[in-house]
Amino acid sequence: MKPTLLLAIDIGNTNMEFGVIEHGKVKANFRLGTNRDVTSDEIGLLVTQFFSIQGIERTAIKDIIITSVVPQVMYSITNMIKKYFGGKSPLIVGENLPFPIVNRYDNPHEVGADRLVAAIAAYRKYGGPAIVVDFGTATTFDAVAEDGAYLGGSIYPGIKISMDALFQKASKLPRVELVDPGTVIGRNTVQSMQAGAVYGYVGAVKNIVGLMRVHLGEKTKVIATGGLSKMIGRQSGLFDYIDKALTLEGLVMIYEMYKNKESNTKK
């Protein structure tokens, strides 16, 4: 049987997400913490376990596509692919695979690959103009024009980074779990810190999105993705769509566009 599955890998500063794609849809996915000192065999063993648990044969993987903002782990990832996936060479967005989007940044090479992938997915799924809010290590706000061009955006410290900084710099404040305390008036230190983090963050997100909407227009769609998108979404009522698989789906779209172009070239 010929290989039929696609493996999509999104490498971020905090997590690496692996998605097995079948017929354009995410069949299974899992996350690993991003460790810049990890070896190819360490990643390979964990990936092998995941495939085994899911009952998926590694030989069923036809192609592999990667987006990464962490150059330090790319050697281990590409070497893992060669060792554990039959010597395959991955398609790396922004390196051997171009971005199918007009990039209006002053220096297009400064934009993180994951931001462009998410912008492509948001436009193709929901149309433009659009704002993509990605809650990762940093929270990024990316503007997509009505014609699908990437316009730029804002970068804000991630909520977990902010909480870690508070714990490290204020000697009497503890490290707390990041949850919605249910009230903005905390009755103890932990609750007060949680209230400041969650509701303060919601305020920042609302303000940045509101200012971007002034430029893009009131019909702008707002799409949230990333680990904390649901919690912030519940509090803000701000998002038209919460799409946690947006980047993986963007990788699938880019892969399919590349394959269609390759097929047409051969005709």
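Strand 6 and strand 9 run parallel to each other and are paired over 6 bridges. Within this pairing, D134 has T225 of strand 9 as its bridge partner. The model described here is a predicted one, and this report takes strand 6 as its point of entry.

## Strand 6 and its neighbours

Strand 6 also pairs with strand 7, here in the antiparallel sense, and 6 bridges join the two. The connection between strand 6 and strand 7 is a hairpin of 2 residues. Across this pairing, V133 stands opposite F141 of strand 7.

How many of the residues of strand 6 are buried? The count is 6 of 6, and the strand is described as mostly covered. The cover extends to both faces: A130, V132 and D134 are buried on one side, and I131, V133 and F135 are buried on the other.

Just before strand 6, the chain contains a cis peptide bond, which runs from G128 to P129 and has an omega near 0°. P129 belongs to the loop that lies between helix 3 (113–126) and strand 6 (130–135).

## The two largest pockets

The largest pocket has a volume of about 790 Å³. Its lining is made up of 34 residues, and those nearest its centre are D134, F135, G136, T137 and A138. Two of the residues just named, D134 and F135, are also among the buried residues of strand 6. The elements that contribute two or more residues to the lining of the largest pocket are strand 1 (5–11), strand 2, helix 3, strand 6, strand 7 (138–144), helix 4, strand 9 (221–226) and helix 7 (246–266). Helix 4 provides the largest share of this lining, with 4 residues.

The second largest pocket has a volume of about 300 Å³. It is lined by 17 residues, and S68, V93, G94, F99 and A113 are the closest to its centre. By class, the lining of the largest pocket comprises 12 nonpolar, 12 polar and 10 charged residues. The lining of the second largest pocket comprises 11 nonpolar, 5 polar and 1 charged residues.

## Salt bridges

The structure holds 9 salt bridges. Three pairs are set out in the table, each with its N to O distance.

| Side chain | Partner side chain | N to O distance |
|---|---|---|
| E17 | R31 | 3.7 Å |
| K27 | E22 | 3.4 Å |
| E249 | K125 | 2.7 Å |

The side chains of E17 and R31 meet in a salt bridge. Because E17 lies in strand 2 and R31 in strand 3, this pair ties together parts that are 14 residues apart in sequence. E17 is buried, with a relative accessible area of 10%, whereas R31 is partly exposed, with a relative accessible area of 42%.

In the pair formed by K27 and E22, K27 is partly exposed at 46% relative accessibility. E22 is likewise partly exposed, at 31% relative accessibility.

The side chains of E249 and K125 form a further salt bridge. E249 is in helix 7 and K125 is in helix 3, so the pair ties together parts that are 124 residues apart in sequence. E249 counts as partly exposed at 23% relative accessibility, and K125 counts as partly exposed at 34%. Salt bridges with shared partners join K125, D243 and E249 into one network.

## Two exposed loop residues

Is H23 buried or exposed? H23 is exposed, because its relative accessible area is 75% and the exposed class begins over 50%. H23 is found in the loop between strand 2 (15–22) and strand 3 (25–33). Its backbone has a positive phi of about 55°, although H23 is not a glycine.

E177 is placed in the loop between helix 4 (159–169) and helix 5 (189–216). E177 is exposed as well, with a relative accessible area of 58%. Between the C-alpha atoms of E177 and L238 there is a separation of 24 Å, and these residues are 61 residues apart along the chain.

## Summary

Strand 6 is paired with strand 9 in the parallel sense and with strand 7 in the antiparallel sense. Strand 6 is also one of the elements giving two or more residues to the lining of the largest pocket. Helix 3 and helix 7, which are also named among those elements, are tied together by the salt bridge between K125 and E249.

Terms used: Residues are numbered from 1 along each chain as its sequence is written. This is a predicted model: local features need pLDDT of at least 70, side-chain atom pairs count only at pLDDT 80 or more; totals for chains, interfaces and linings use all residues. Side-chain values use heavy atoms; hydrogens and water are left out. Buried means under 20% relative accessible area, exposed over 50%, partly exposed in between (1.4 Å probe, protein chains only). On a 1 Å grid over the protein atoms alone, a cavity is a set of points where a 1.4 Å probe fits but cannot get out, and a pocket is an open set with protein on both sides within 12 Å along at least five of seven lines; lining residues have an atom within 4 Å of a point. Grid points are joined across faces, edges and corners, and a volume is the space filled by probe spheres set on the points. Ala, Val, Leu, Ile, Met, Phe, Trp, Tyr, Cys and Pro count as nonpolar, Asp, Glu, Lys and Arg as charged, and the others, Gly among them, as polar. Two strands pair if DSSP finds at least two bridges between them. A salt bridge is a side-chain nitrogen of Lys or Arg within 4 Å of a carboxyl oxygen of Asp or Glu.
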